[in-house]
Amino acid sequence: MDDKNVLLDHGSGGKIAHSMLTKMILPLFDNPLLAKMDDSAVLDLSGIRVSFSTDSYVVDPIFFPGGNIGDLAVNGTVNDISMCGGDPLYISVALILEEGFAKAELSRILESMGEAAKRAGVMVVTGDTKVLPRGKVDKIFINTSGVGIIPEGINLSGSNASPGDKVIVSGTIADHGITILSSREGLGISPGVQSDSAPLNGMVKSILNAVPYGTVHVLRDPTRGGVATTLNEIASQSNVTIRIKEEAIPVKDAVRGTCELLGFDPLYVANEGKLLAIVSPEVAEDVLRVVRSHESGRDASVIGEVYSIEDASCLVSLSGANYSKGSVILETVIGGARVVDMLTGEQLPRIC
Amino acid sequence: MVTKQIDISGVVQGVGFRPFLFRMAHGHKLNGEVFNTAHGVTLILEGIEKKIEKFLKEMILRKPPLSTIFDIKETSIGFSGYKGFVITLTPEDSEKSSSKSALISPDVSICSDCLKEMNNPDDRRFAYPFINCTNCGPRYTIIKDIPYDRAKTSMNLFPMCQRCQEEYDDPMDRRFHAQPNACHECGPHVFFMESSSVSKTSSGSHGERAIDDAAKLLTEGKILALKGLGGFHLAVDALNPEAVATLRLRKKRPHKPFALMVKSVETASRLVQISSEDKTILESHARPILLLRKNVVQAQNHCYQQPCQLQHFPCQTQSLHSSLDMCQNTPFEYIDFGQTFYEKIISAQQEIAPDNAYIGIMLPYTPLHALLLDKSPSILVMTSGNRSGEPLSIDNQDALDAFSHIADGFLLHNRDIYFRADDSIMQRQCGQSRFIRRSRGYAPLPIYLKTPVLKPVLACGGGLKSTICLAEGERAFLSPHIGDLDNEKVFAFYRKSIVHLKQILDIEPEIIIHDLHPGYMSTKFAKNYYEYIQQENKVRIAAVQHHHAHALSCMAENGLEGEVIAVTLDGTGLGTDRHIWGGEVLLCSRGGFQRKAHLAYLPMPGGDAAVHEPWRMAISYLYAAFGDDLFFLEIPFLQKVDNNKIKFIIQMIKKKLNTPLTSSCGRLFDAVASLLLLCQKVSFEGQAAMALESHSATINEKLYPSYPFEIIDSNSHLSPCSRNSFNHGKSEGAFQEKVLHDNKNHDAVANHNMLSESFGMMFQINTLPLVKAIIMDILEGKPRYQIATRFHMTIIDLFVASVLRIRHETGVNKVVLSGGVFHNTFILSGMVGFLEKEKMRVYTHKKVPCGDGGIALGQIIAADALVNQ
Ligand SMILES: [Fe+3]
Ligand SMILES: [Mg+2]
Ligand SMILES: [Zn+2]
Ligand SMILES: [Zn+2]
């Protein structure tokens with residue numbers, strides 16, 4: 001493997017991306033806010049807590065069933081702000097365009113950005129446009145950043161998961177990733193399958209309003225790397241074992257079928273309008289009910305539970321050398337328990 | 001009169017060696033003493049020199065059955081004037097520090113003396129299920145720590161009664177220092193519970209009644225969970241196909257063959273063919289499961305157009321076909337047996353080992369087994385008691401939980417199994433017994449290395465069927481079978497095994513070796529472990545390529561040094577070019593390897609999914625051979641697989657969507673098994689290849705000539721090839737020193753080395769002509785067994801041809817055969833036969849499995865090259 005240059009894997013959200021982040025980036029900008037490694041930074045602006053996030057969108061194709069790169073860019077940043085409990089208010093939009101890109105397509109994208117902003121209740125307050133010569137950029141890239149105010153008493157972080165907590169997913173997984181892949185590769189998409197791209201700030205707000213302060217521990221949107229990667233991040237941030245049950249994880253039949261044919265595990269496929277909530281057991285039912293009352297949360301389900309590393313299994317530490325700080329275990333339909341790790345680069349076949 | 005000190009090393013502790021010497025000294029009227037040392041046993045004899053010589057000769061001849069003498073050193077010492085002969089107790093008998101190189105014995109099946117006592121109504125241990133002596137009984141599975149001493153075993157809960165203690169203390173008794181010594185009065189006991197009563201407080205039956213109840217349950221065709229030596233078993237009457245089918249259903253194990261425990265060798269011959277050599281293995285004190293050919297096999301000439309499953313009636317029966325020996329010219333001998341008897345046998349055989357020519361057989365190895373089989377049906381399915389994919393259950397409560405929905409009753413006991421050991425599985429191939437799984441009865445005995453390792457090494461093994469290996473000096477300790485590490489509990493057991501072995505062997509590794517694959521749990525473990533202990537700064541870590549490790553494993557057990565040609569054929573191993581290897585011919589030494597030849601790359605649609613579903617590889621081969629024209633082929637396979645799926649898979653191949661490239665030989669077997677409608681989906685490793693082997697006839701070049709194939713050298717010169725054409729001709733093309741791949745590959749993680757790899761001339765083996773020819777034969781309606789046989793012949797031929805080319809280029813005349821494909825008797829005996837005919841020195845696996853269970857040993861001997869790097 002080439003270790004001198006950046007590889008595609010470094011942007012995959014998997015283990016290799018994680019190691020570049022921790023080994024190369026974090027040390028340089030060394031500060032406690034960045035070190036938390038949550039979806040957005042939580043800033044203290046003279047007593048007001050603000051969540052601040054940025055993301056770049058390079059999706060191919062730019063139009064796909066269920067949305068386009070424009071609404072995706074707005075929803076993505078809205079969601080990242082929301083996952084820290086922030087109520088998103090303002091966002092910025094930076095466009096990087098390829099010379100010759102059709103104006104008609106650009107305006108379709110901008111229109112849907114406007115609609116998405118309206119739907120999420122945020123204002124686009126600043127922006128920038130750059131055009132590069134043909135071939136230097138693929139049609140259009142979009143960067144969005146945003147801020148939101150975190151209500152008092154809200155403290156959400158990937159490091160808050162604690163033993164006994166329930167893990168809730170807000171709906172069917174892998175819809176977005178499979179839609180994008182199918183439309184990019186012309187694989188044909190089954191009816192009813194489309195990207196789940198949607199703003200989640202409304203859902204987050206009603207969750208936080210419905211249950212007592214401090215009972216919602218973690219919110220995360222499982223985007224790149226899917227549910228498996230996000231749960232692994234949480235498990236290692238919180239130093240816990242997360243056990244999930246395969247049979248409880250909602251996946252649309254058509255999506256599952258496509259995943260099976262492709263040899264993909266839906267747990268690793270990206271989502272854009274789903275959240276994972278890790279909450280105290282006593283509020284799990286309430287949270288589930290609230291989530292289900294939202295349009296994009298109808299298929300929500302409790303998929304697992306958090307355990308402390310010691311009692312999660314018969315783990316034996318080897319003079320302290322436990323295999324990892326936190327881990328995710330999948331209890332499969334056929335009755336085995338499988339370690340669900342972060343992806344190590346491309347999915348290389350392993351079985352004999 | 002002389003005085004001699006004789007130092008004996010090997011497995012000489014805990015096996016009755018001192019009492020044996022004591023009795024011999026008395027018999028020979030020699031004076032002196034004997035005591036345990038850190039390295040084994042030291043014997044001092046005083047007497048006439050000739051008498052001592054005679055003594056030593058007899059000692060070697062008549063040593064206790066469980067002992068292995070590795071070395072005898074004889075020195076003359078000063079006269080002491082011993083009066084009589086004594087066993088001297090030394091600190092070595094009680095202190096941990098000393099036992100560093102005294103070996104721990106594996107568990108041993110019940111000996112004939114104990115069996116006699118157990119069956120004698122007048123003996124005080126009549127029908128006692130835990131009878132044992134110095135020559136038999138549990139060892140490895142009950143040992144918590146060293147030295148091997150009752151207090152450090154799970155027998156510590158059972159203080160000996162006075163009579164047992166007297167036996168234990170008496171050097172003339174055959175139970176002198178037998179650590180698990182016990183009797184009805186003081187030892188562990190058995191009890192039986194029906195599943196329905198488990199949750200209730202009623203305690204079921206005890207002792208002899210318990211065994212009666214368990215036997216009755218089995219006779220009724222019900223399923224028994226039974227606590228054995230190294231773990232639990234699930235048992236059921238093997239000749240009751242319905243009962244066996246129920247077990248399959250409840251255990252969620254649709255196809256994988258079940259092992260049987262039979263009362264005697266004679267009983268087994270109702271189902272399988274047994275030679276006297278087989279009998280010797282079955283009756284050895286390790287009591288492995290031995291794979292034996294079914295004595296009645298369905299006719300193999302029904303063709304692929306018929307349904308996938310073998311039929312349940314015998315058209316013709318194949319018999320007296322003991323092994324696929326080279327010399328055998330006729331494919332079958334047909335013998336007409338009465339219908340009904342064989343119908344019954346065949347339906348039982350089919351349920352026990354579907355689509356398989358072999359059945360695994362073992363004899364009772366604990367007193368409890370013997371007592372049970374006296375009363376129960378005489379042929380029992382005896383399959384490992386575990387939840388699907390999990391390690392063997394060893395704990396009563398765990399078993400009660402795990403099998404509450406599988407077993408109808410439980411035969412339990414109160415002696416704890418401290419460390420699990422699966423049954424070992426062996427097969428006799430080419431006149432040699434070989435391991436499929438090396439575990440109970442063999443591990444943790446070491447494999448002796450020709451060149452000692454410079455520093456202690458931990459080899460972390462592979463991913464599936466894993467074992468680990470700890471080595472120090474000349475001894476490499478390969479762990480018992482651990483399992484597939486993706487399972488959480490297996491992975492926990494993996495770590496526990498490392499801790500335990502480090503402890504009982506007292507080895508602290510300074511080098512850690514792992515596979516090149518970053519996704520194996522063993523690799524992740526190795527890296528984490530290294531990260532944890534590297535502060536000490538003397539520990540090093542390195543990766544070894546999978547097939548290099550296979551090759552080294554075969555070199556290690558055969559004591560080979562220098563360069564060899566290695567044919568390594570298996571399912572999956574990550575290559576240095578990031579592609580999936582598995583049909584490889586390497587030029588290799590301990591320090592590195594050159595990849596000289598491999599099966600040409602083909603897409604593997606869906607990655608791991610292609611391993612579970614052989615039809616994907618069939619499509620990959622068809623598409624490579626015929627392109628989009630494949631849809632015009634009128635072969636049954638294409639009617640069987642959903643057209644939309646086929647189109648989807650072709651899209652994946654065209655767009656390179658999750659279709660890694662592979663040169664795997666196992667995948668080629670999969671593709672052919674699928675095209676012959678033998679297997680479209682597998683539920684256990686090797687299923688497709690086994691089905692293909694069991695549908696083949698015998699090795700015969702005239703009857704079953706190989707199909708065509710091509711060898712493409714580094715200058716892209718095509719040479720349509722066979723073994724013979726090469727042998728007589730000159731080499732084609734210029735053998736250029738050319739690096740085909742830009743992959744001086746180093747693991748990304750800092751401080752990780754990988755053994756160097758260089759490329760000389762390399763060539764690829766194009767198997768598409770083979771696949772095309774098979775399709776032609778299918779179109780012509782040729783019988784399936786014929787195609788399967790010719791396919792096997794081709795695999796042999798193309799790798800033999802490759803080896804001969806490499807010998808021609810390099811002059812290297814030694815060849816090692818390794819990788820899971822060599823479990824296939826046809827391939828192994830064919831390769832060995834043809835290569836030996838070409839005057840090659842051929843080396844195969846006899847001490848460790850050729851599959852991934854053996855690669856940890858290979859990783860060990862790569863370590864020194866890394867230290868010297
Ligand atoms: Fe292998
Ligand atoms: Mg983001
Ligand atoms: Zn005995
Ligand atoms: Zn006793």
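**View 1. B:Phe17 is a buried ring, at 1% relative accessibility.** Welcome to the first close-up of this predicted model. B:Phe17 shares helix H1 (residues 17-28) of chain B with B:Phe20, three residues further along, about one turn of the helix. B:Phe20 also counts as buried, because its relative accessibility is 9% and the cut-off for buried is under 20%.

**View 2. Tyr and Phe side by side: B:Tyr418 and B:Phe419 form a tilted aromatic pair.** Their ring centres lie 6.3 Å apart, with 45° between the planes. How exposed is B:Tyr418, and how exposed is B:Phe419? B:Tyr418 is partly exposed at 28% relative accessibility, whereas B:Phe419 is buried at 2%. Follow the ring pairs and you will meet a cluster made of B:Tyr140, B:Tyr418, B:Phe419 and B:Phe493. B:Tyr418 has a charged companion too: B:Lys496 lies over the face of its ring, at 5.7 Å from the ring centre.

**View 3. An arginine sits over a tyrosine ring: B:Arg440 and B:Tyr365.** Here B:Arg440 lies over the face of B:Tyr365, and the distance to the ring centre is 3.5 Å.

**View 4. Aromatic pairs number 15 over all chains, and here is one of them.** B:Phe17 and B:Phe20 meet edge-to-face, with 5.7 Å from centre to centre and 65° between the planes. This is the helix H1 pair of chain B from the opening view.

**View 5. An open sheet of eleven strands in chain B.** Trace the strands in the order S7-S6-S14-S8-S9-S13-S10-S12-S11-S15-S16, and note that the pairing is mixed. Which strands stand at the edges? They are S7 (205-206) and S16 (432-437) of chain B; each has a single partner strand, so one side of each is left without a neighbour in the sheet.

**View 6. Strands S8 and S14 of chain B run parallel, with helix H10 of chain B packed on the sheet.** Three bridges join S8 (residues 224-227) to S14 (residues 409-413). In one of these strands, S14(B), B:Phe410 is the bridge partner of B:Ala225. Helix H10 (residues 367-375) of chain B touches several strands of the sheet, including S6 (190-194), S9 (232-237) and S13 (379-384). The direction of H10 makes about 150° with that of S8(B).

**View 7. Two buried cysteines, A:Cys84 and B:Cys679.** A:Cys84 counts as buried at 4% relative accessibility, and B:Cys679 is likewise buried at 4%. How many disulfides does the structure hold over all chains? The count is zero.

How values were computed:
Residues are numbered from 1 along each chain as its sequence is written. Chains are lettered from A and ligands numbered from 1 in the order in which they are written. This is a predicted model: local features need pLDDT of at least 70, side-chain atom pairs count only at pLDDT 80 or more; totals for chains, interfaces and linings use all residues. Side-chain values use heavy atoms; hydrogens and water are left out. A disulfide is a pair of cysteine sulfur atoms within 2.5 Å. Buried means under 20% relative accessible area, exposed over 50%, partly exposed in between (1.4 Å probe, protein chains only). Two strands pair if DSSP finds at least two bridges between them. Helices (H or I, at least four residues) and strands (E, at least two) are DSSP runs, numbered from the N terminus. Contact means heavy atoms within 4.5 Å. Axes are lines fitted to C-alpha atoms, for helices over the stretch in contact, and angles run from 0 to 180 degrees between N-to-C directions. Rings of Phe, Tyr and Trp (its six-membered ring) pair if their centres lie within 6.5 Å; planes under 30 degrees apart count as stacked, over 60 as edge-to-face and the rest as tilted. A charge sits over a ring if NZ of Lys or CZ of Arg is within 6 Å of the ring centre and within 35 degrees of the ring normal.
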